[in-house]
Amino acid sequence: MITPKVPHIIYGGDYNPEQWPQSVWAEDVRLMRAANVNLVSVGIFSWAKLEPQPDEYDFGWLDRLLDLLHENGIMANLATATASPPPWLARLYPESLPVTKDGVVLHPGARQHYCPSSAAYRERAAGLVGRIAERYKDHPVLAMWHVNNEYGCHVSECYCDASAAHFRRWLENRYGDLERLNEAWGTAFWSQRYGRWDEILPPRSAPTFANPTQQLDFRRFSSDALLGLYEMEREILRGATPDVPVTTNFMGFFKPADYWKWAGREDVVSDDSYPDPSDPEAHVLAAMNRDLMRSLGGGNSWVLMEQTTVRVNWRRRNAPKEPGRMRLWSLQAVARGADGIMFFQWRQSKAGAEKFHSAMVPHVRPEDSRSWAEVKRLGEDLTKLDGLSGTRGEARTAVLIDWDNWWALELDSKPSADVRMIEGLYFLYRPLFEANVPVDFAHPGSDLSSYDLVIAPNLYLVTDEAAENVRSFVEDGGTLLMSFFSGIVDENDHVRLGGYPAPFKDLLGLTIEDFVPLAEGATGCLATEEGASFSCDLWADLVHLRGAEALTTFADGFYGGMPAVTRNAYGGGSAYYLGTRPDAGYMGVLLERVCAEAGVGAPSEAPPGVEVVRRRSTEASYLFVLNHGEEAADVELEGPTVDLLSGAGRDGTLRLEPFGAAVLREW
Ligand code: GLA
């Protein structure tokens, strides 16, 4: 259960009543009830209405609105309204505006126009949050706090003088003295040695490549600067309402914020997710995001805080979700641990930049709209899933992700700029998704003992502790699959000498002499032990075996005959290594072998295009069966069950229509 105030699967959306005359509110709550909405996020962008002039507050409208929700049994995820400062903040404190790397000031007129290190923003935001918390702490509709909105979405870093000073304080705290900083940043290179703290700047636009560790530390700092704002608000809210859960909405695999660190400071993880309906693999990417959200919360249930009913407004061409897709993707989120399904937004705006972004209540009359019918249907579906509360996923496979590694991997000046974190991760996630193997994400330094299989995509930056953690996982009997360009640098982005990949040579039973980045569009040939051939691209490692066996070798290039994919028995387990990026055909074959060796697999058989996910507790087990295909699909059931959505008993063959879904109670 996400919040004791809503002892059900949460259903609702962002509600922005300040955009509408009060005469519309009554219609809003009537429609909310018709759709089984039980929670709305209120006030996210209402700072200018709540505090029209500095220290002049107007809470009357919000009092009336919350009372109206209360009369109608709808709870509030009350926002702190700090996401978009009113114009007066910039007028009184122009230095609160963010500045880009190139020195451009970002002005008011859109949203999120504040520097994360601005003292004025911080003080004014704290004042507002304190008043909101004080005023509404005992209001019966208060179910959850929604802090700010999508921290860092538009402005994730600022290069102004206040940010520079804040960055220096952060560095002093990290390094203590300048000598340590000079050492960590490798400033002997290009005469970059710092003699005084005030010589240090954020990595502003410079003649050429900025110092990599300076860039890496600035990423760490920028995530922490935003996190500091979140924590400032959270402390105020905690002080007023120690028992009301606090969240801030994440954005999936969002590079600027280290969500492992952030999630640990939230009561509930929540996410905003806008898969592109015109992307045939959108549901796979969506599944990957949902698995991340569940994992960030340590396996606890999370809330899909925002999605769209039909269309967004911010792509070049905003394809709609066809009928049925919104329901299917929402149920996918529930399958993967969400106990709340919400939308941006409740009522489609009449004015402003998002007026063509779909909402639960469309511009046209709801009764004339298929999307409203779908909103009502989903609301009703979710009322049938209360039993899921307390059930969890059952992954025994973990994919490693570490923001430090992501940041370092994608800095400039690498053998190939095309080795990208999320692509590398997706490349390994996708065949697991297709095989319906349940997957968690994990930090490389975290406890891996509950997993049988660990996948380490492009683990370029690795600390000594994390390297040891991965090693001992295999020693203790685990199976590892690691992809190329792993174990290359330490936490300062300094190369680990002694032969690549220094911390993993023994574990993998090999050394790498050098890397061969493949030209754009170029492919190579792979030959397997069994005589089959496949293709590869992007990268080739020059691997020398030191105990590992070659499963596949390169069949062309000056390195033809050298190992491309290897396996090494190590301790009680085994370590596979991918020294290139093979094609999907090979990856399917390899992952089948790796999964079989690790003893991990799908919860049940399913035809291609059908996703099968289990959630269970000690008392109950539910199987989600989701047909992402455009054809009907037949799934063979292992025994008689009941489909909670239709209420029908099922046995034998379950036929799912295109975009059809079933939630089967197994026991
Ligand atoms: C984000 C924001 C919302 C809205 C949507 C539009 O998720 O949080 O306020 O702008 O995008 O897709």
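## Strand S18 and its neighbours

A residue counts as buried when its relative accessible area is under 20%. By that measure, seven of the eight residues of strand S18 (residues 563-570) are buried, so this strand is largely enclosed by the rest of the structure. Please keep in mind as you look around that this is a predicted model.

S18 has a partner in strand S17 (residues 549-554), and the two pair in the antiparallel sense over four bridges. Within that pairing, Ala550 stands opposite Thr566 of S18. S18 also pairs with strand S19 (residues 573-578), again in the antiparallel sense, this time over six bridges. Here the bridge partner of Thr566 is Tyr577 in S19. The hairpin of S18 and S19 has two residues between the strands, and Gly571 in this hairpin takes a positive phi near 55 degrees.

## The nine-stranded open sheet

Strands of a sheet pair through backbone hydrogen bonds, either parallel or antiparallel. Nine strands of this model form an open sheet with parallel pairing, in the order S5-S4-S3-S2-S1-S9-S8-S7-S6. Its edges are strand S5 (246-247) and strand S6 (249-250), each of which pairs on one side only.

One pairing worth a visit is that of strand S3 (residues 75-79) with strand S4 (residues 142-146), which runs in the parallel sense over four bridges. Asn77 stands opposite Met144 of S4 there. Strand S2 (residues 39-42) holds Leu39, a buried residue with a relative accessible area of 0%. To tie this region to S19, take the C-alpha atoms of Leu39 and Leu578: these residues are 539 apart along the chain, and the two atoms are separated by 47 Å.

## Strands S10 and S11

Strand S10 (residues 397-400) and strand S11 pair in the parallel sense over four bridges. Thr397 stands opposite Val439 in S11.

In a regular strand the side chains alternate between the two faces of the sheet. Strand S11 (residues 439-442) is covered on both faces: Val439 and Phe441 are buried on one side, and Asp440 and Ala442 are buried on the other.

## Around the ligand

The residues surrounding the ligand are Phe45, Arg111, Asn149, Glu150, Asp272, Tyr274, Glu306, Trp314, Phe344, Glu354 and His357. Sorted by character, this shell has four nonpolar, two polar and five charged residues.

Three side chains give a picture of the polar contacts. In Glu306, a polar side-chain atom lies 2.2 Å from an oxygen atom of the ligand, and Glu354 has a polar side-chain atom 2.3 Å from a ligand oxygen atom. For Asn149, an N or O atom of the side chain is 2.8 Å from an oxygen atom of the ligand. Taken on its own, the ligand has 310 Å² of accessible area, and the protein covers 96% of it.

## Cis peptides and positive phi values

Most residues other than glycine have a negative phi, and most peptide bonds are trans. Some places in this model depart from that pattern. A cis peptide bond joins Phe344 and Gln345, with omega about -10 degrees. Phe344 is also one of the residues around the ligand, while Gln345 is found in the loop between strand S9 (338-343) and helix H12 (370-383). Another cis peptide bond joins Tyr500 and Pro501, with omega about -20 degrees; Pro501 is in the loop between strand S13 (479-483) and helix H16 (505-508).

Ala81 is not a glycine, yet its phi is positive, near 65 degrees. Ala81 lies in the loop between S3 and helix H4 (87-92) and counts as buried at 1% relative accessibility. Gln112 likewise has a positive phi, of about 60 degrees, without being a glycine. The loop that holds Gln112 runs between H4 and helix H5 (119-136), and Gln112 is buried, with a relative accessible area of 4%.

## Two cysteines without a bond

Why is Cys158 not bonded to Cys160? A disulfide needs a pair of cysteine sulfur atoms within 2.5 Å. The sulfur of Cys158 has its closest cysteine sulfur in Cys160, 3.5 Å away, so the two are too far apart for a bond. Cys160 is accordingly in no disulfide, and the count for the model comes to zero disulfides.

Both cysteines are shielded: Cys158 is buried at a relative accessible area of 3%, and Cys160 counts as buried at 9%.

Terms used. Residues numbered from 1 in each chain as written. Predicted model: local features only at pLDDT ≥ 70, side-chain atom pairs only at ≥ 80, totals over all residues. Heavy atoms only, no water. Near = heavy atom within 4 Å. Polar contact = N/O pair within 3.5 Å; in protein donor to acceptor, adjacent residues only side chain to side chain. Areas by Shrake-Rupley, 256 points an atom, 1.4 Å probe, with all protein chains shown as cover. Nonpolar A, V, L, I, M, F, W, Y, C, P; charged D, E, K, R; others polar. Buried < 20%, exposed > 50% of the residue type's maximum accessible area, 1.4 Å probe, protein only. Pairing = 2+ DSSP bridges.
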